[in-house]
Amino acid sequence: MTTNPWLVPVTTLRRSLGNRRQETRSGRIGELRVADSRVPEDREVQAEVTLCSVDGGIEVAAGIDAPWVGECRRCLRPVGGVLRCEVRELYRPRGPGEPPDQDEETYPLSGEMLDLRPLVRDAILLELPIAPLCREGCAGLCPTCGADLNDGPCTCPPAGGDPRWAGLDVLRDPSPGVPEEGAGPPAGADPGPTA
Ligand SMILES: [Zn+2]
Ligand SMILES: [Zn+2]
C-alpha cells in the first residue's frame, strides 16, 4: 500500500481560526535539480510542519531536511549533505472557476487535503547550492593539465596572461633566442692524456 506522505487532512483544522496541527512527514519528492546540484529521486526528504488555520486560509511553516549531492565548482569532487530549509507560506482556498494564483505567493487549497509537495519542492529548489565548494579555499584544478591542486602543485608553468606571474616569466627566460654565456663545454671537461 502506498500513500502520499505529502497530503495532510485539514477539515478539522479549518473549523476554527487558530487551530494548529503539527506533522512530521517524510518521503520521496521527485528529483530536484539546480545546475549540477540535485536531490536524488530515490532519497527521502523530511519535513516538520506546523499548520495553522488563519483568516484567509492555512498558514504552513515547515522545516525541511533534504539530502543533496553535487559537484565542487572548482575541483569537481563530489559534494553533498543535508540541506535545511525553513519556509512559511499561505495556502488559500480557491473559489470555483477561480484561475490559478499568479501574483500572490500562495498555494491552492481545495477539498479536504492540503498538498505539502509543491511547498517542499519550491523550498528546496530555492536553497540548493548553485555553485557549491567542497571546502572553503578549495584550490581547484590546474587549467592546463587538469591536476587536482588540492593534492599539491603540478609541474605546469604558470598560466600566461596572469599579471601576477609576468615578473616571474621575465626571471625565468631573460633573453629568448640568445644562447646564454658559458653555455659551451665546461673548462677542464677534456683533461686529455696526462701520463
Ligand atoms: Zn573542491
Ligand atoms: Zn598543471
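1. Which residues are linked in a network of salt bridges? In this predicted model, the network joins R21, E23 and R25, and a reader new to the structure may find it a convenient place to begin.

2. Within this network, E23 takes part in two of the pairings described here: the side chains of E23 and R21 meet with N and O 2.5 Å apart, while E23 also forms a salt bridge with R25, where the closest N and O atoms are 2.9 Å apart. Side chains of opposite charge can pair when their charged atoms come close.

3. As for accessibility, E23 counts as buried because its relative accessibility is 14%, which is under the 20% cut-off, and R25 is likewise buried. R21, by contrast, is partly exposed, with a relative accessible area of 28%.

4. A search of the whole structure finds eight salt bridges, and one of them pairs the side chains of E31 and R38, at 3.3 Å from N to O. Here E31 is partly exposed, with a relative accessible area of 35%, and R38 also counts as partly exposed, at 26% relative accessibility.

5. Turning to the metal site, the zinc ion (ligand 2) is coordinated at 2.3 Å by the SG atoms of C142, C145, C154 and C156, and these donors follow the spacing C-x2-C-x8-C-x1-C along the chain. The site is tetrahedral, with angles of 104 to 114° among the four donor atoms; the ideal angle for four tetrahedral donors is 109.5 degrees.

6. Among the zinc-coordinating cysteines, C145 counts as partly exposed at 45% relative accessibility, and C154 is partly exposed as well, with a relative accessible area of 26%.

Definitions and conventions. Residues are numbered from 1 along each chain as its sequence is written. Chains are lettered from A and ligands numbered from 1 in the order in which they are written. This is a predicted model: local features need pLDDT of at least 70, side-chain atom pairs count only at pLDDT 80 or more; totals for chains, interfaces and linings use all residues. Side-chain values use heavy atoms; hydrogens and water are left out. Donors are N, O and S atoms within 2.8 Å of the metal (3.2 Å for Na, K and Ca); water is not among the atoms, so sites may look incomplete. Four donors count as tetrahedral if all angles lie between 85 and 135 degrees; four count as square planar and six as octahedral if opposite donors are over 155 degrees apart and all others between 65 and 115; anything else is irregular. Buried means under 20% relative accessible area, exposed over 50%, partly exposed in between (1.4 Å probe, protein chains only). A salt bridge is a side-chain nitrogen of Lys or Arg within 4 Å of a carboxyl oxygen of Asp or Glu.
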